[in-house]
Amino acid sequence: MKLGIVGAGMIVGDLLSFIHEIPGISLTAICSRSGHREKLLDWQHRYGISQIYSEYDEMLMDDNVDTVYIGLPNHLHFSYAKEALLQGKHVICEKPFTSDLNEFLELKEIALQRKRVLLEAITNQYLKNVLTMKEYLPKLGDIKIVECNYSQYSSRYDAFQAGETPPAFNPAMSGGALMDINIYNIHLVIGFFGSPGKVEYYANMERGIDTSGVLMLDYGTFKCICIGSKDSTARSAMSIQGNKGYIHMPSSANLCDYFEYTPNKETPVRVDHKSHPHRMFDEFAEFDRILREQDLIKVKVMLEHSGKVMKVIDQAKQSAQMDS
């Protein structure tokens, strides 16, 4: 994979901290606006990035870039991914894939028509501990209750309350608790159980944006609650309760250091199969394999998954009467 990165935020810094450990990935370019040039020059020197760009169009013309990673604010994902696909590049796009389902479906159609790889960078669909947890689900018997809580007081919430509108709390930029933080819960649940039968979102709204909210997913035979908060904090965790035992993950849904499986009336069993400390390593190792083997079957599977997530996002917004 000859990777071109667009963006200069925290998530890109996270990516650069480990990406050199995956032998199949070459950092051939990075692009961000001219105001970030000093940061890009520092990263170029530190991580051996071949070329830096301030214009996205120029990076897309670089023959040494075959794959573009989009680490930009949420509302820019669609336009940047579309432009890259139309230029014949493969695309890895940070979550949330797009602002709504229709945008996602357009990208999917372009990618499938042009036989380009299009993937959403969502950690919990690739973490070894999460994949192992899925194998444990049959041990729980009939699932009854699923509960996810990812609550993290945003460093920008005070500024928002003071009257500013940072991207994380800007509805025009697809911010808010549902899109920024609860989406991890949604990915985790849909990865385990597929699409729910009914979706209801109860949002705490401030100045037109959901600063926190409770998402109810009805699966008929069991019920699921997903809590996402940027205006308050709590111990993030996930629990899956069945009539023969339960699983507890004592972390937010974007990572899984370990989980505990507890059969009824027995002691907990701690499970940890992670192979790398960084939460993003497993997904990019798999992206490298997919690109190297041109595994379009796996691409279609992951696009189906992302489509189900985007459908729930749309349904949640409609339920809470939020502007999409």
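A residue is called buried when its relative accessible area is under 20%, exposed when that area is over 50%, and partly exposed in between (1.4 Å probe, protein chains only). The model shown is predicted, so local features need pLDDT of at least 70 and side-chain atom pairs count only at pLDDT 80 or more, while totals for chains, interfaces and linings use all residues. Residues are numbered from 1 along each chain as its sequence is written, and side-chain values use heavy atoms, with hydrogens and water left out.

**View 1. Ser 239 sits in strand 11.** Helices (H or I, at least four residues) and strands (E, at least two) are DSSP runs, numbered from the N terminus. Is Ser 239 buried or exposed? Ser 239 counts as buried, because its relative accessible area is 16%. Pick out Tyr 150 as well: 89 residues along the chain separate Tyr 150 from Ser 239, and their C-alpha atoms are 12 Å apart.

**View 2. Strand 7 pairs with strand 11 and with strand 10.** Two strands pair if DSSP finds at least two bridges between them. Strand 7 covers residues 143-151, strand 11 covers residues 237-242, and the two are antiparallel, with 6 bridges. To find your way along this pairing, start from Ile 143, whose opposite number in strand 11 is Gly 242. How many bridges join strand 7 to strand 10? There are 7 of them, and here the strands run parallel, with strand 10 spanning residues 223-229. A handy landmark for the parallel pairing is Asn 149, bridged to Ile 227 of strand 10. As you follow any one strand, keep in mind that in a regular strand the side chains alternate between the two faces of the sheet.

**View 3. A cis peptide bond links Lys 95 to Pro 96.** Omega for this bond is near -15°. Where does Pro 96 lie? Pro 96 belongs to the loop that runs between strand 5 (90-94) and helix 5 (101-114).

**View 4. Arg 207 and Gln 294 are non-glycine residues with positive phi.** For Arg 207, phi is near 50°. The loop that holds Arg 207 connects strand 8 (198-206) and strand 9 (209-218). Arg 207 counts as partly exposed because its relative accessibility is 45%. Gln 294 also has a phi near 50°, and its place is the loop between helix 9 (281-293) and helix 10 (296-319). With a relative accessible area of 36%, Gln 294 is therefore partly exposed.

**View 5. Lys 198 pairs with Glu 200, and Lys 274 with Asp 272.** Side chains of opposite charge can pair when their charged atoms come close. A salt bridge here is a side-chain nitrogen of Lys or Arg within 4 Å of a carboxyl oxygen of Asp or Glu. How many salt bridges does this rule give? The count comes to 15. In the one between Lys 198 and Glu 200, the closest N and O atoms are 3.0 Å apart. Lys 198 is partly exposed because its relative accessible area is 48%, and Glu 200 is partly exposed because its relative accessibility is 24%. For Lys 274 and Asp 272, the N to O distance is 2.8 Å. These partners are also partly exposed: Lys 274 has a relative accessible area of 36%, and Asp 272 has a relative accessibility of 34%.

**View 6. Glu 286 and Arg 289 form a salt bridge within helix 9.** The side chains come to 2.8 Å, N to O. Glu 286 and Arg 289 are 3 residues apart in helix 9, about one turn of the helix. Glu 286 is buried because its relative accessible area is 16%. Which residues are joined with Glu 286 into one network? Through salt bridges that share partners, Glu 286 is joined with Arg 289, Glu 293, Asp 295 and Lys 298.

**View 7. Asn 129 is a residue of helix 6.** Helix 6 spans residues 128-136. Why does Asn 129 count as buried? Its relative accessibility is 1%, so Asn 129 falls in the buried class. To place Asn 129 against another part of the chain, find Phe 284, which is 155 residues apart from Asn 129 in sequence and 16 Å apart in space, C-alpha to C-alpha.
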